[in-house]
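The walk below goes through one region of a predicted model, moving from a helix to its neighbours and then to a sheet. Please keep the sequence and the model side by side while reading.

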Amino acid sequence: MTLMEAIEQRHSVRQFEEKPIEAETVTKLKAEIDAVNIDSGLHIQLFTDEPEAFKGNEPHYGQFSGCRNYFALVGQKGKDEEIGYYGQRLSLYAQQLGLNTCWVALTYKKGKVVVDIDNGEKLYIVIALGYGKTQGTAHKMKEESAVSDITPDSPEWYRNGVKAALLAPTAMNQQKFKLSRNGSKVGIKASMGFYTKLDLGIVKYNFEIGAGKESFSWT
């Protein structure tokens, strides 16, 4: 599965099969986390077979069941965009390994996550993962023109990047971002809203996969 295929196939899943992730897959996930932490300076951690964080939560938006595995996205304060960017890298890698995921900001017990936090760091968010009871469903998307300055004359790489950006998960499906292009330079801004800075990192990662990093540079 290519990363673009992972972007297209990945949907948020909140109900998981109660079966453990295979040891070989866990080893691959840990190796990718190590690589991400080296690249980013973040302190992301993997928890497996740990049911407490999602145990007995009250019914509200995004009810979970069977969730016993998750990435804990930890980093220095002020690293929202990096958390989104590298968290999406891990989420898509998990998809390539045959797992399902869901970004989780509120619907878990933060105090139950026995995470290793160094001085100046915080737990931003978690990504639930495991074998979904379903593959999820596609989220509603805005028009390309609502999130970019795309035109009929826009190059193919930009069109592909915008398409991938629209497939990115964002908090409450807000999609509060705007892409703009000047030649091979691309800018992106986030408007006000919950977790929009973190969302920006997720969207940027998707855009890079769709457009191809060799096609452009960020402004």
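A residue is called buried here if its relative accessible area is under 20%, and exposed if that value is over 50%, with partly exposed in between. By that criterion, the buried residues of helix 5 are Trp157, Tyr158, Gly161, Val162, Ala164, Ala165 and Leu166. Which elements cover these buried residues of helix 5? The cover includes two strands, strand 5 (177-182) and strand 6 (185-190), together with helix 1 (3-9), helix 4 (144-147) and helix 6.

The packing of helix 5 with helix 6 can be described in some detail. Helix 5, formed by residues 156-166, and helix 6, formed by residues 196-211, have axes 7 Å apart and pack at an angle of about 140 degrees, and their crossing is right-handed. On the side of helix 5 the contact is made by Trp157, Tyr158, Asn160, Gly161, Val162, Ala164 and Ala165, while helix 6 contributes Val203, Asn206, Phe207, Gly210 and Ala211. Sorted by class, this contact of helix 5 with helix 6 comprises eight nonpolar and four polar residues, and no charged ones.

Between helix 5 and strand 5 there is a loop, and Met172 lies in it, as does Asn173. Met172, which is not a glycine, has a positive phi, near 55 degrees, and Asn173, likewise not a glycine, has a positive phi of about 55 degrees. Are the two residues buried or exposed? Met172 counts as exposed because its relative accessibility is 56%, whereas Asn173, with a relative accessible area of 29%, is partly exposed.

Beyond this loop comes the sheet, which is open, has three strands in the order 5-6-7, and shows mixed pairing. Strand 5 and strand 7 (217-218) each have a single partner strand and stand at the edges, so one side of each has no neighbour in the sheet. Strand 5 and strand 6 run antiparallel and are joined by six bridges; within this pair, Ser180 stands opposite Gly187 of strand 6. Helix 5 packs on the sheet, where it touches strand 5 and strand 6, and its direction makes about 170 degrees with that of strand 5. Helix 6 also packs on the sheet, touching strand 5, strand 6 and strand 7, and the direction of helix 6 makes about 150 degrees with that of strand 6.

Methods
Residues are numbered from 1 along each chain as its sequence is written. This is a predicted model: local features need pLDDT of at least 70, side-chain atom pairs count only at pLDDT 80 or more; totals for chains, interfaces and linings use all residues. Side-chain values use heavy atoms; hydrogens and water are left out. Axes are lines fitted to C-alpha atoms, for helices over the stretch in contact, and angles run from 0 to 180 degrees between N-to-C directions. Helices (H or I, at least four residues) and strands (E, at least two) are DSSP runs, numbered from the N terminus. A crossing is left-handed if the near helix is turned anticlockwise from the far one by less than a right angle, and right-handed if clockwise. Contact means heavy atoms within 4.5 Å. Ala, Val, Leu, Ile, Met, Phe, Trp, Tyr, Cys and Pro count as nonpolar, Asp, Glu, Lys and Arg as charged, and the others, Gly among them, as polar. Buried means under 20% relative accessible area, exposed over 50%, partly exposed in between (1.4 Å probe, protein chains only). Two strands pair if DSSP finds at least two bridges between them.
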